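User: I am new to this structure and would like to learn how to read it. Please start with how two helices are placed against each other.

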Amino acid sequence: MERTIDSIYGKITYDLVYKNNKNMYARIKNGRIVVTASPFFPVNKVDQFVISNYLKLSNTIKSISVQSFNEFDKVMLLGQTYQIVYTDKKAYIEDRYIYLDGVDPRRSLQDFYMRQAQIYFMKRVNYFTDTFSYFPKPIVKLRYMRTMFGNCYFRQNIIKLNPILMKYDSKVIDSVIVHELCHFLVPNHSKDFYNHVYAIMPDYKLQRQKLRKERGIL
């Protein structure tokens, strides 16, 4: 339902969508303000919500138009597609939506991936080091890198992983983790190195092919 209201900023037009939500949410879709609210919310309360958040929403529209809107219309998490909802809170996930700070969605998404990676990467690293006892227990560091998804510093017992990997499904992430862990056994890319990799992950080549189109850019 389209609504046009008067405000100190002039006339504001937005789309109102009723759903059984506990809270009201605003997002930008195709350059328009879309508010999702419970049908039990009085319309004047929804109008006030839009007015009170209008400056942030209008700035979001401007920033998205510069960054390319489609980039933030939907995002990936562990191989699944999620719809973006813009909010004024710290990024979080709920159902099939990922809520990002509308003022700086790029930074908000980076922070979100970082927080998710801190938990998920450690879980997977621990799985492989527990399952294959010949691996050491490395220090895991996270860093956004432009040209690499992972790196191993075998002398310091450190592996670095790129949080952008959270976009991909679990097998793709595992392929990077296995690759870096195997460098503790063979610190180069020799045939011996890949023998260790394929012994753990027979479909390693297939998973790595999914990464060749990107190089950790966010």
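Analyst: This is a predicted model. Helices α3 and α4 are oblique to each other, because their angle of about 55 degrees falls outside the ranges for roughly parallel, roughly perpendicular and roughly antiparallel, and the rest count as oblique. Helix α3 covers residues 105–131 and helix α4 covers residues 170–182, and their axes lie 10 Å apart.

User: Is the crossing of α3 and α4 left-handed or right-handed?

Analyst: The crossing of these two helices is right-handed.

User: Which residues of α3 and α4 make the contact?

Analyst: From α3 come Y120, F121, R124, V125, F128 and T129. From α4 come S170, I173, D174, I177, V178 and L181. By type, eight of the contact residues are nonpolar, two are polar and two are charged.

User: How many helices and strands are there in the protein?

Analyst: The protein has six helices and eleven strands.

User: What does the radius of gyration say about the overall form?

Analyst: The value is set against what a compact globule would have. For 218 residues that would be near 17 Å, but this protein has 22 Å. Along the principal axes, the C-alpha atoms fill a box of roughly 70 × 35 × 30 Å.

User: What share of the residues count as buried?

Analyst: Buried residues make up 44% of the 218 in the protein.

User: And how are contacts read along the chain?

Analyst: One takes the contacts with a separation of 6 or more and asks what part joins residues 24 or more positions apart. In this protein that part is 48%.

Notes. Residues are numbered from 1 along each chain as its sequence is written. This is a predicted model: local features need pLDDT of at least 70, side-chain atom pairs count only at pLDDT 80 or more; totals for chains, interfaces and linings use all residues. Side-chain values use heavy atoms; hydrogens and water are left out. Axes are lines fitted to C-alpha atoms, for helices over the stretch in contact, and angles run from 0 to 180 degrees between N-to-C directions. Helices (H or I, at least four residues) and strands (E, at least two) are DSSP runs, numbered from the N terminus. Angles under 35 degrees count as roughly parallel, over 145 as roughly antiparallel, 65 to 115 as roughly perpendicular and the rest as oblique. A crossing is left-handed if the near helix is turned anticlockwise from the far one by less than a right angle, and right-handed if clockwise. Contact means heavy atoms within 4.5 Å. Ala, Val, Leu, Ile, Met, Phe, Trp, Tyr, Cys and Pro count as nonpolar, Asp, Glu, Lys and Arg as charged, and the others, Gly among them, as polar. The radius of gyration is taken over C-alpha atoms; the globule rule is 2.2 Å times the number of residues to the power 0.38. Buried means under 20% relative accessible area, exposed over 50%, partly exposed in between (1.4 Å probe, protein chains only).
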